[in-house]
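Work through these exercises with the sequence and the model side by side. Try each task before you read its solution.

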Amino acid sequence: MVRAVLVLPVALLALGCAADPATPSSDASMASDASMASDTSMASDAATASDANMAHVHMGHVLTGWQDTPDQAGLLPTAIAEADVAVQHAGFAASKPDDLDWMKLHVGHVVNAVDPTVEPAGPGLGYGVKRAATGVAQHVGFAAASEGASDNVKLHAEHVATSAENVVQWSERIVTLGGAVDAAGSAEAAAPMVAEIQVLTLAIRNGTDANGDGQVSWQAGEGGLAQAEQHMGFMRQGEGLS
């Protein structure tokens, strides 16, 4: 798992702060000093924000921290953690293809890890692969569109976004299959769908060699979270970030 250290200025985490209301005073010197201090503080905050590389800020959202993820982890590590749960429970489901109740139970756990808005109960983190991967694609897009973004950021942002978008599409397919498994009346009917779900969870986590050339690229239909992680690493290295 990539755990880059991208330290964001406090001013960027909450741009703009409310100033304390002025206290009336007959001492003109005190009022002048307070005014000067306030002006200096605001100027310092503005300089901090303007000096920041906003592409790096959005890289940080992908790699190290985002405001609404569990423990405020990065969007990509969150997606990977949820995907690991999905892979595990897809394997459980596929291990007993003649037991319908068993398959339904663990497919429900897969769906919980992929999209808890569809199945809220289960072993996932409550965020979901789909939501986290959507955030990854959005924030690398924001990074690439930031003023002054380097060619390195723009190049690898495309690779990361494409892989993340693959993950979103596979997640949606898993949710559809999960509903069909839940409605299945026999193990014989459910087993092929469970097998496909297992394949999809592995693709989400590791990518898939869709064109049979012996390699897994970042491209549409191939890249998964492993490829997104790899290209975020290339991006970080190219920016000289530790």
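**Exercise 1. Take stock of the fold.**
Task: Find how many helices and strands the chain has, and give the order of its elements.

Solution. This is a predicted model. Begin with the count: the chain holds nine helices and zero strands. Next, read from the N terminus: the order is α-α-α-α-α-α-α-α-α. Then turn to burial. Of the 242 residues, 43% are buried. Contacts come next. Take those with a separation of 6 or more: 66% of them join residues 24 or more positions apart. Finish with the surface. The chain exposes about 12,200 Å² of accessible area, and carbon and sulfur atoms contribute 54% of that.

**Exercise 2. Describe how H4 packs on H8.**
Task: State the orientation and handedness of this helix pair, then list the residues that meet.

Solution. Step one is the geometry. H4 spans residues 75-94 and H8 spans residues 187-206; their axes lie 9 Å apart at an angle of about 155°. Step two is the class. Angles over 145 degrees count as roughly antiparallel, and H4 and H8 are therefore roughly antiparallel. Step three is the hand: the crossing of H4 and H8 is left-handed. Step four is the contact itself. H4 supplies Ile80, Ala83, Asp84, Ala86, Val87, Ala90, Gly91, Ala93 and Ala94, while H8 supplies Val194, Ile197, Gln198, Thr201, Leu202, Ile204 and Arg205. Sorted by character, the residues of this H4-H8 contact are 11 nonpolar, three polar and two charged.

**Exercise 3. Repeat the analysis for H5 and H7.**
Task: Work out the orientation of this second pair and the make-up of its contact.

Solution. H5 covers residues 100-114, and H7 covers residues 151-183. The two pack at an angle of about 150°, with axes 9 Å apart. That makes H5 roughly antiparallel to H7. The crossing of H5 and H7 is left-handed. From H5 come Lys104, Val107, Val110, Val111 and Val114; they meet Ser171, Ile174, Val175, Gly178, Val181 and Asp182 of H7. The residues of the H5-H7 contact divide into seven nonpolar, two polar and two charged.

**Exercise 4. Examine two backbone outliers.**
Task: Where do Asp71 and Gln72 lie, and are they buried or exposed?

Solution. Start from the general expectation: most residues other than glycine have a negative phi. Asp71 has a positive phi of about 60° and is not a glycine. The phi of Gln72, also a non-glycine residue, is positive too, near 55°. Now place them. Asp71 sits in the loop between H3 (54-63) and H4. Gln72 sits in the loop between H3 and H4 as well. Last, check accessibility; the cut-off for exposed is over 50%. Asp71 has 80% relative accessibility, so it counts as exposed. Gln72 is exposed too, at 51%.

**Exercise 5. Map the surroundings of Leu225.**
Task: Which element holds Leu225, and which residues does Leu225 contact beyond its neighbours within four places in sequence?

Solution. Leu225 belongs to H9, residues 225-238. Its relative accessibility is 1%, and buried means under 20%. Leu225 therefore counts as buried. Now look along the chain. Asn166 is 59 residues away in sequence, yet the C-alpha atoms of Leu225 and Asn166 are separated by 9.1 Å. Leaving aside neighbours within four places, Leu225 touches Leu76, Ala79, Ile80, Ala83, Val167, Ile204 and Arg205. Compare this with Exercise 2: Ile80 and Ala83 of H4, and Ile204 and Arg205 of H8, also take part in the H4-H8 contact.

Key:
Residues numbered from 1 in each chain as written. Predicted model: local features only at pLDDT ≥ 70, side-chain atom pairs only at ≥ 80, totals over all residues. Heavy atoms only, no water. Helix = DSSP H or I, 4+ residues; strand = E, 2+ residues; numbered from the N terminus. Buried < 20%, exposed > 50% of the residue type's maximum accessible area, 1.4 Å probe, protein only. Contact = heavy atoms within 4.5 Å. Areas by Shrake-Rupley, 256 points an atom, 1.4 Å probe, with all protein chains shown as cover. Axes fitted to C-alpha atoms, helices over the stretch in contact; angles between N-to-C directions. Parallel < 35°, antiparallel > 145°, perpendicular 65-115°, else oblique. Left-handed = near helix turned anticlockwise from the far one by under 90°. Nonpolar A, V, L, I, M, F, W, Y, C, P; charged D, E, K, R; others polar.
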